[in-house]
Amino acid sequence: SNAVAGQSALDRMACGLGGKLVLPMIKEHIMQMLQNPDWQYRHAGLMALSAIGEGCHQQMEGILNEIVNFVLLFLQDPHPRVRYAACNAVGQMATDFAPGFQKKFHEKASTALLQTMEDQGNQRVQAHAAAALINFTEDCPKSLLIPYLDNLVKHLHSTMVIKLQELIQKGTKLVLEQVVTSIASVADTAEEKFVPYYDLFMPSLKHIVENAVQKELRLLRGKTIECISLIGLAVGKEKFMQDASDVMQLLLKTQTDFSDLEDDDPQISYMISAWARMCKILGKEFQQYLPVVMGPLMKTASIKPEVALLDTQDMENMSDDDGWEFVNLGDQQSFGIKTAGLEEKATACQMLVCYAKELKEGFVEYTEQVVKLMVPLLKFYFHDDILLTNSTSMPLLLECARVRGPEYLTQMWHFMCDALIKAIGTEPDSDVLSEIMHSFAKCIEVMGDGCLNNEHFEELGGILKGKLEEHFKNQELRQVKRQDEDYDEQVEESLQDEDDSDIYILTKVSDILHSIFSSYKEKVLPWFERLLPLIVNLICPHRPWPDRQWGLCIFDDIVEHCSPSSFKYAEYFLRPMLQSICDNSPEVRQAAAYGIGVMAQFGGDSYRPFCTEALPLLVRVIQSADAKTKENVNATENCISAVGKIMKFKPDCINVEEVLPHWLSWLPLHEDKEEAVYTFNYLCDLIESNNPVVLGPNNSNLPRIFGIIADGEIHEAIKQEDPCTKRLANVVRQVQTSGGLWTECISQLNADQQAAIQELLNSA
């Protein structure tokens, strides 16, 4: 229709020209239309407002309060189509401006939408209010939703009951379909807070799945299956187990009837997703159902799209309704792909990844056929989600296959490896490329030393060199564009996006090098030398801070995994690393401080003088006034950890007795979990060896140490399963046996700290 075409054109204009240009022109027209007595103008104005949100995001954000308050008034407009359009606008803004929209307007928006859902005389308005509520709750932070949960549930339940009766009596289903999805969305956001409402909904939802078997109710049944599985995931295994058996039987029955379902049956995609959620809920217990679910899942994941090369005249004869999308290739030719089934294929691939991730070795029977499906799809350029999912699957499938022994695992890796390296070299989309690179790095970590042959190294070295050269070239081009006469804020925004994308690829280059260094150690250094000049260029003082951060991270890995041989590159990185400890950028400081820590721990004797030189620089960062602010805390904690590592591994470089009391006063660490575990382990070493400086005269420092342990527990600095937790608990138990000292330590803690100590004793 003309209206839909106009809406699409507005959306494209706003995205193409930007809000700075478009909003002032459109806003004036929209405001006039919204005040027009003719409902069609008001409807068109609201639909136009929905269309421009994405393109005018930045400009609308500043006046969002005014816009939202105005739009909410139209939810009570006398004409139902205007109310429908208002629901559409609210739902669209809830998506376009999330989560800021939810944070600012949670009370107004949720109340207004629930009231509109009571519009019993207009099913389309009711259904669209429920749809807007889904948009609102999907991106609503859990903490904001909880206060409204009772009211939301009350409205949703009463509407569901009424609409279920209407379905039975009149066969109407439009509102019920949306309400079921609203319930699912609320449960998904509320998670365990949905437990008290579970029994209110589950019997009715099961009833729908059991009885909505007619062809016209397929979508309702599919959405209800989705809702049940999302509620199960939200409330957890313990609560859901009372219905798990019934639900599994209903799903199994539907699954066995799958052969009777038509290819475009909407239940198929809902079923596939529901099985994956059931797998997450049931864990290893789900393995028994794999023989039933894998057949249809593999069939859907194996869908081959129809493609065609058409001249312009043939293309015009094919209507949009046929589900074809076209790319113009010039010379009167277009490439077409039939998109029907692609979303289902993408979902099926995601579910296979879910099974591999959740079941691990329990999925081993299927790894071979899944790998044979997934690897060729690394060249499936028709759908980004399929590419992303397939690359994610590779390390997970290797983990599954590990149980079959090294020979089987190696064969599987050989089938993947060439395709992954080629994909890194050829993938044009940066989001997909970064995921493939990340996946490749994870695969190397799984396979370890020896997984790459000389040809692989040669090809990979050339590709990584190309990525780094492209990184520098792109930076230069952006600088040229900043000098252009057309340069403005909008151009800068676009350049920043390009820069972010380039930096993200750089992080993945670092990931791959990390996995290679950690697997191959110093053996790989001769291969690395072809990249060395480019990495050295990254850490030059004039480079942007992300370049310096990731360049230092790469040298950190060389020191950590390739020492003492790493010292032959010291002339390139030592001075920049020491100078970077006090850099203006916290990210650069963090990378430098981590480097000093691994230098002390793994670097060997050649690094001793540099550890001594680094100490005052680290202390300067730790003692600066803003050391513990949100943006600085991770860098500061890495500095504290580095001081600890110098004391432990290079004690003759510094005066440990002088430094130790200061180091204790800086504890605990809680933001950087890895460094927190290291520092707590070192603290345990010192206590267990009865270090007099740490314990103090007559154990006078123990109350302070108890405070450090309690604060670490409060901030969840160490996971319960970490061996360090047991060591800390043993320290506390030793003091517990000496009555007076125990009382003194506990009495100096506040209530939260005392509870944390008790929790530590109970859990370890």
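Helices here are DSSP runs of H or I with at least four residues, numbered from the N terminus. With that settled, I opened my notebook on this predicted model.

**Entry 1: backbone oddities**

I began with the peptide bonds and phi values. Most residues other than glycine have a negative phi, and most peptide bonds are trans. I went looking for exceptions.

My first stop was P99, which sits in the loop between α6 (80–96) and α7 (100–116). The bond joining A98 to P99 is cis, and its omega is about -5°.

Next I turned to P564, in the loop between α27 and α28. Here too I found a cis peptide bond, running from S563 to P564 with omega near 5°.

Then I checked N690, a residue other than glycine whose phi is positive, near 50°. I placed N690 in the loop between α33 and α34 (692–695).

**Entry 2: α20 against α21**

How do helix α20 and helix α21 pack? I read an angle of about 170° between α20 (residues 384–401) and α21 (residues 406–426), with the axes 9 Å apart. Angles over 145 degrees count as roughly antiparallel, so α20 is roughly antiparallel to α21.

I listed the contact residues as well. From α20 come M394, L397, L398 and A401, and they meet Y408, L409, M412, W413, M416 and L420 of α21. By class, this contact has 10 nonpolar residues, no polar ones and no charged ones.

**Entry 3: α28 against α29**

I moved on to helix α28 (residues 570–580) and helix α29 (residues 586–602), whose axes come within 8 Å and cross at roughly 120°. That angle makes α28 oblique to α29. I noted the crossing of α28 past α29 as left-handed.

On the α28 side I found F573, L574, M577, L578 and S580, and on the α29 side V588, R589, A592, G595, I596 and M599. I sorted the residues of this contact into eight nonpolar, two polar and one charged.

**Entry 4: the largest pocket**

Rolling a probe the size of a water molecule over the atoms shows where empty space is left. I looked at open space before enclosed space.

The largest pocket has a volume of about 570 Å³. I counted 22 lining residues, and those closest to the centre are D557, E560, Y594, E674 and E675.

Which helix gives the most to this lining? It is α29, with seven residues, the helix I had just met in its contact with α28. The elements that each supply at least two residues are α24 (489–520), α27 (545–562), α29, α31 (633–649) and α33 (673–688). By class, the pocket lining has nine charged, seven nonpolar and six polar residues.

**Entry 5: the largest cavity**

How many cavities of 30 Å³ or more does a search of the whole structure find? I got three. The largest cavity holds about 80 Å³ of space.

I wrote down its lining: L23, K27, I30, M31, L34, L49, I52, I63, I67, F70 and V71. The elements giving two or more residues are α2 (19–34), α3 (39–52) and α5 (64–73). Of the contributors, α2 gives the most, with five residues.

My last tally was by class: the cavity lining has 10 nonpolar residues, no polar ones and one charged. I matched the charged residue to K27 in the lining.

Note on methods:
Residues are numbered from 1 along each chain as its sequence is written. This is a predicted model: local features need pLDDT of at least 70, side-chain atom pairs count only at pLDDT 80 or more; totals for chains, interfaces and linings use all residues. Side-chain values use heavy atoms; hydrogens and water are left out. Axes are lines fitted to C-alpha atoms, for helices over the stretch in contact, and angles run from 0 to 180 degrees between N-to-C directions. Angles under 35 degrees count as roughly parallel, over 145 as roughly antiparallel, 65 to 115 as roughly perpendicular and the rest as oblique. A crossing is left-handed if the near helix is turned anticlockwise from the far one by less than a right angle, and right-handed if clockwise. Contact means heavy atoms within 4.5 Å. On a 1 Å grid over the protein atoms alone, a cavity is a set of points where a 1.4 Å probe fits but cannot get out, and a pocket is an open set with protein on both sides within 12 Å along at least five of seven lines; lining residues have an atom within 4 Å of a point. Grid points are joined across faces, edges and corners, and a volume is the space filled by probe spheres set on the points.
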